[in-house]
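Please walk through this structure with attention to its open space and to the surroundings of its ligand.

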Amino acid sequence: MIGLGTMGSNLLQNIADHGYSCAGFDIDSKKVATLNQLNRDGIKGFSDMNDFVKSLNSPRIVMMLVPAGKIVDGVIEELIAVLEKGDIIIDGGNSHFIDTDRRFLDLEKKGYHFIGMGVSGGEEGARRGPSMMPGGDREAYNAVKPILKKIAAHVNGEPTVAYMGERSAGHFVKMVHNGIEYALMQLLSETYEVLKNGLKLKDNEIHEVFKKWNEGRLKSYLLEITRDIFAYKNKGAKYLLLNDIKDEAKAKGTGKWTSQAAMDLNLPIPIIDIAVSMRDLSKYKTLRTRASQIYSNPKDAKYSDSSEKYIATMEEAFYFAMASAYAQGMHLLYRANEEYKYELNLGVIAKIWRGGCIIRSEFLEDIYAAYKRDAKLKHLFLDHGIENSLVKSIPGIRTVVSDAARGGIAVPAFSAALGYFDNFRSENMPANLIQAQRDYFGSHTYELIGKEGVFHTEWEEPNN
Ligand code: 6PG
């Protein structure tokens with residue numbers, strides 16, 4: 001393992017737990033010392049690359065968990081100077097899929113096996129069982145499969161790891177996982193906003209709402225940690241730690257990459273786009289503060305009293321928007337698979353996301369079931385099982401979005417989920433007007449219903 005940060009060190013310990021002997025390398029000798037101080041049989045830390053590589057059996061399996069970008073290229077360069085042809089290199093970080101494609105081809109030419117693997121689950125996942133999304137060299141995957149299967153999380157006895165597909169498939173799937181992660185986190189924070197500033201619930205009441213929801217169909221890892229955040233106080237503190245945290249969200253970039261990749265493929269994922277944009281807007285604290293002094297809340301804004309009934313409506317809205325976030329992510333995978341010929345299996349992806357990863361949830365069982373019914377399903381909304389539960393939650397999302405609009409409560413991700421749906425279910429969208437406008441100002445031409453070919457009109461000339 002190259003990179004002995006929390007993820008690397010935890011994953012090594014997980015590997016050792018399963019009886020494999022392994023070695024770790026880091027340029028930071030303190031990290032190496034910390035690993036060696038664990039004094040664990042089967043784990044040895046090195047700060048010299050040559051010694052590290054020499055300690056491994058051939059063919060060597062070297063995984064790296066280092067920050068994405070140039071560092072990965074640097075490590076690969078250093079590594080291949082000491083590795084031998086036929087050795088296996090696994091990049092387990094959040095690398096951009098385009099970089100992974102380039103590295104895969106380059107290493108293949110040089111005679112090395114390369115696997116780009118998404119690893120999800122944070123520190124705890126790395127230690128106890130992550131979800132892993134390997135892609136690239138299939139022969140190399142078969143060689144490392146027994147180890148990966150053991151260290152993965154398990155759902156109903158099955159490991160949350162599977163070969164994703166060709167070249168950068170693993171990192172593409174992980175990127176979309178993160179896009180969905182961003183969307184779900186945004187939806188949870190908008191829910192917090194409605195519960196706090198709309199329904200005026202207190203922190204402990206919000207905790208109860210999330211706790212109850214997590215006992216039902218919304219059960220998920222992100223809901224579970226949100227519930228716990230609403231109960232966490234520093235020792236001796238009266239208020240939640242949450243209330244002391246700055247409202248400026250950071251991001252390492254995988255959400256943005258998902259939006260960029262989707263736009264390159266002309267594939268709409270508006271909930272993820274909004275989630276990325278709202279993290280960005282949160283950073284403009286000074287501007288927001290000034291604007292808050294200029295623009296007040298709507299005067300007649302009346303939110304229904306906090307009641308069991310409204311919370312149930314909110315649960316429906318959340319279910320609807322959550323389903324839409326997953327559906328948009330899966331649609332992106334479907335489209336990317338066509339374009340990049342990854343040979344993805346969407347059912348298998350849903351299956352390995354059911355445990356170990358950040359977006360694991362009860363709902364993924366329904367997604368998995370949908371792809372079992374139809375492995376070639378083009379969009380989750382077209383599955384009858386999903387349709388049944390989605391239809392029941394439409395009134396909920398309509399109420400929540402319209403009440404929020406009247407009350408001046410920002411729910412852009414919920415609105416995006418509803419707007420996307422209302423257009424998705426429209427046989428006729430108003431895009432004919434856009435075509436007419438484009439042709440008017442730029443002679444871009446338009447197509448006509450029931451007629452072959454493209455047409456142009458001199459719109460400013462009288463037509464009679
Ligand atoms: C995971 C996470 C992880 C991600 C962090 C931070 O699946 O374990 O997705 O890979 O890097 O959650 O992401 P941001 O800094 O972009 O929020």
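In this predicted model, helix H13 contributes more to the lining of the second largest pocket than any other element, giving 5 residues. The space in this second largest pocket comes to about 640 Å³, and among the 22 residues that line the pocket, those closest to its centre are Glu-193, Ser-292, Tyr-295, Asn-297 and Gly-408. Two or more lining residues come from each of H8 and H13, the latter spanning 285-294. Sorted by class, the lining of the second largest pocket holds 7 nonpolar, 8 polar and 7 charged residues.

Helix H8, which covers residues 169-198, also has a part in the surroundings of the ligand, where it supplies the largest share of the shell, with 5 residues. The shell has 15 residues, of which Ser-120, Lys-174, Glu-181, Tyr-182 and Arg-279 come nearest to the ligand; by class, the shell is made up of 3 nonpolar, 8 polar and 4 charged residues. Because domain 1 (6-167) and domain 2 (174-424) both give residues to this shell, the ligand lies between them.

Individual atom pairs add detail to this picture. A polar atom in the side chain of Tyr-182 lies 2.5 Å from an oxygen atom of the ligand, and an N or O atom in the side chain of Lys-174 is 2.8 Å from a ligand oxygen atom. With Lys-252 the contact involves the backbone, a polar atom of which is 2.9 Å from an oxygen atom of the ligand. The ligand taken alone exposes 420 Å², and the protein buries 78% of that area.

Key
Residues are numbered from 1 along each chain as its sequence is written. This is a predicted model: local features need pLDDT of at least 70, side-chain atom pairs count only at pLDDT 80 or more; totals for chains, interfaces and linings use all residues. Side-chain values use heavy atoms; hydrogens and water are left out. A residue is near a molecule or strand if one of its heavy atoms lies within 4 Å of it. A polar contact is a pair of N or O atoms within 3.5 Å; within protein, one must be able to donate a hydrogen and the other to accept it, and residues adjacent in sequence count only if both atoms are side-chain atoms. Accessible areas come from the Shrake-Rupley method with a 1.4 Å probe; for residues, only the protein chains shown count as cover. Helices (H or I, at least four residues) and strands (E, at least two) are DSSP runs, numbered from the N terminus. Ala, Val, Leu, Ile, Met, Phe, Trp, Tyr, Cys and Pro count as nonpolar, Asp, Glu, Lys and Arg as charged, and the others, Gly among them, as polar. Domain bounds come from an automatic or database domain assignment. On a 1 Å grid over the protein atoms alone, a cavity is a set of points where a 1.4 Å probe fits but cannot get out, and a pocket is an open set with protein on both sides within 12 Å along at least five of seven lines; lining residues have an atom within 4 Å of a point. Grid points are joined across faces, edges and corners, and a volume is the space filled by probe spheres set on the points.
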